[in-house]
Amino acid sequence: MQDNLVEAGAYLRRAQGEAPATLWGSRASLELAKLEYDQERTESAFTILEDAETWPRGEDLEPDWLYWHGQCRLVLKGFERAKLDFERLIASYPKYARVAEARLGLAECDAALAGDDKALADKALAGFELLYKELQSPYGAQALWGAASLRQRQGQVAEAKRLFQRIRTQYPASFESKAAQERLEQLAKAPAPAPTPVAVHAKAARLYVQVGAFTKRSGASDCRRP
């Protein structure tokens, strides 16, 4: 298998070098980038695409190019640029075969960029929810993981636990299921937040204890004597 991959890579590099700045060279570059990405060499895949970015591409190649460009940027944490690739892909090629994966990538970018921006965090959560609520979605576990992780970062621990548990229930054989169990165990061990101190009114700062009630002053005086 490895020999076949090496041979395929050599063939694509040769094709890329023999037809630079052409449609054929662009196609060879894209296939070579995919091959590198599949072997977890994301930086190499991204460099190949960047080097051929100005080469001509037909409409049949453009959506695939945008997807893999965005996916490489996402893995390399270039969230702003990846977001632009995914947005352009979704808007321009809504029937592209990988559009659901692009939507997942866009939600992951929004979640990573949200910080204290509630509107962007809500957009990310809506994107994840759209995917995990789809019947038989192949990306349900990943979308639930993204939503649960974002909820946890927001401090919404109960909702995060619910979503992590949902991964365990609905996708028990998934990679995310094992990770969700580990996250649930971590959350269970986390100390409970300290109770918020109750403010004491200035006039109530001094405390008094009543030790008795007397009808005559002499009774109170006797009580005070040691």
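A residue counts as exposed when its relative accessible area is over 50%, as buried when that area is under 20%, and as partly exposed in between. Keep that in mind as you click around this predicted model.

**Stop one: a salt bridge.** Select Asp 60, which is exposed because its relative accessibility is 56%. Now add Arg 27, partly exposed at 33%. Their side chains form a salt bridge, with N and O 2.8 Å apart. Arg 27 sits in helix 2, while Asp 60 is in the loop between helix 3 (42-51) and helix 4 (62-75), so this pair ties together parts 33 residues apart in sequence.

**Stop two: next door in helix 2.** Pick Ser 26, which also belongs to helix 2 (residues 23-38). Buried or exposed? Ser 26 is buried, at 0% relative accessibility. Setting aside neighbours within four places in sequence, show what Ser 26 touches: Trp 55, Pro 56, Arg 57, Leu 61 and Trp 65.

**Stop three: helix 5 against helix 6.** Colour residues 79-92 (helix 5) and 99-114 (helix 6); the two pack at about 145°, with axes 9 Å apart. Their crossing is left-handed. On the helix 5 side, the contact includes Phe 79, Phe 86 and Ile 90, and on the helix 6 side Cys 109, Ala 112 and Leu 113 are among the residues taking part. By class, the contact has 11 nonpolar residues, one polar and five charged.

Zoom in on Phe 79 in helix 5. Its C-alpha atom is 7.2 Å from that of Ala 112, although 33 residues separate them along the chain. Beyond neighbours within four places in sequence, Phe 79 contacts Leu 74, Cys 109, Ala 112 and Leu 113.

**Stop four: on to helix 7.** Keep helix 6 and add residues 118-132, helix 7; the axes come within 8 Å and cross at roughly 150°. That makes the two helices roughly antiparallel. This crossing, too, is left-handed. Look for Leu 104 and Ala 107, among others from helix 6, meeting residues of helix 7 that include Ala 124 and Phe 128. The tally here is 13 nonpolar, one polar and four charged residues.

**Stop five: more salt bridges.** How many salt bridges does the structure hold? There are 18 salt bridges. Try Glu 129 with Lys 133, where the closest N and O atoms are 2.6 Å apart. Glu 129 is partly exposed at 31%, whereas Lys 133 is exposed at 52%.

Finish with Glu 159 and Arg 162, another salt bridge, at 2.7 Å between the closest N and O atoms. Both lie in helix 9 (residues 157-170), three residues apart, which means about one helical turn separates them.

Methods. Residues numbered from 1 in each chain as written. Predicted model: local features only at pLDDT ≥ 70, side-chain atom pairs only at ≥ 80, totals over all residues. Heavy atoms only, no water. Axes fitted to C-alpha atoms, helices over the stretch in contact; angles between N-to-C directions. Helix = DSSP H or I, 4+ residues; strand = E, 2+ residues; numbered from the N terminus. Left-handed = near helix turned anticlockwise from the far one by under 90°. Contact = heavy atoms within 4.5 Å. Nonpolar A, V, L, I, M, F, W, Y, C, P; charged D, E, K, R; others polar. Parallel < 35°, antiparallel > 145°, perpendicular 65-115°, else oblique. Buried < 20%, exposed > 50% of the residue type's maximum accessible area, 1.4 Å probe, protein only. Salt bridge = Lys/Arg side-chain N within 4 Å of Asp/Glu carboxyl O.
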